[in-house]
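Here is my note on this one, written as numbered points so you can follow along. Keep the viewer open while you read.

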Amino acid sequence: MNRATALAVVLASTACADDDAEEVADVAEEHDIDLAQAILQAEEQAGGVAIEAEVDDRRDFGPIYEVDVVVGDLVHEVILDIDTLAVLRQTTESADDDDLADAGLAATADWVNLVTEAERAANGVAFAMEVDADDGTIDFDVLVDRDTVREVVLRPDGTLVSAD
């Protein structure tokens, strides 16, 4: 990768983080964000293991949690109301090998502990989570302030790998 391409990638990822920070900050001003409870609710509703979750402000629903839960060989996308955690919609698609590997890693995750640790490490509010079986980690995006999102990477047992 040449310097110009590398710089473009860095600038694009920085702009994305800034957009995420602003969008989530807007949602957080009006709603309490509790990513752990949203993950637990989606897992209970779908009957499986969460591999990805995020706060999103969608045109069709407004502010919501979107949680991907693996059940057998399917991924259930569970959309939850941000305030009540009521299920607004649930759709399914086939799980791929990465989804199944991620579910295996996340099967023993203590979401309350992991979200609490991510928020403590970054001194903010966790709004997104993604399991990465390839690295053996669970990655969290944490809103620190209106302009700052930090990535916190944990092992499933809560061991801190990094906080950028």
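1. Let's settle one term before anything else: a salt bridge here is a side-chain nitrogen of Lys or Arg within 4 Å of a carboxyl oxygen of Asp or Glu. The background is simple: side chains of opposite charge can pair when their charged atoms come close.

2. A word on what you're looking at. This is a predicted model, where local features need pLDDT of at least 70 and side-chain atom pairs count only at pLDDT 80 or more, while totals for chains, interfaces and linings use all residues. Residues are numbered from 1 along each chain as its sequence is written, and side-chain values use heavy atoms, with hydrogens and water left out.

3. Now find E29 and R146, whose closest N and O atoms are 3.2 Å apart in a salt bridge. E29 sits in helix α1 (residues 3-30) and R146 in the loop between β6 and β7, so this pair ties together parts that are 117 residues apart in sequence. (Helices are DSSP runs of H or I with at least four residues, strands are runs of E with at least two, and both are numbered from the N terminus.) E29 is exposed at 60% relative accessible area, whereas R146 is partly exposed at 36%. Those words have cut-offs: buried is under 20% relative accessible area, exposed is over 50%, and partly exposed is in between, using a 1.4 Å probe and protein chains only.

4. How many salt bridges does a search of the whole structure find? Six. Look next at D60, which pairs with R58 at 3.0 Å between the closest N and O atoms and with R89 at 3.9 Å. R89 belongs to strand β4 and D60 to the loop between β1 and β2, so that pair ties together parts 29 residues apart in sequence. R58 is buried, at 15%, and D60 is partly exposed, at 46%. Add E66, and you have a network of salt bridges linking R58, D60, E66 and R89.

5. On to the sheet. It is open and has eight strands, in the order β4-β3-β2-β1-β5-β6-β7-β8, with antiparallel pairing. Its edge strands are β4 and β8 (160-163), each pairing on one side only. Two strands count as paired if DSSP finds at least two bridges between them; β1 (residues 49-58) and β2 (residues 62-71) have nine. Within that pair, A50 stands opposite V69.

6. Helix α2 (residues 35-46) is worth a look down its axis. Its buried residues are L35, A36, A38, I39, A42, E43 and A46. They fall within an arc of 165°, so they line one face of the helix; the arc is that of the directions from the helix axis to the C-beta atoms. Right after α2 comes G47, with a positive phi near 80°.

7. Last, two backbone oddities. Most residues other than glycine have a negative phi. L85 has a positive one of about 65°, in the loop between β3 (74-81) and β4 (87-94). N123 also has a positive phi, near 55°, and lies in the loop between α4 (111-122) and β5 (125-132). Is each of them buried or exposed? L85 counts as buried at 18% relative accessibility, but N123 counts as exposed at 63%.
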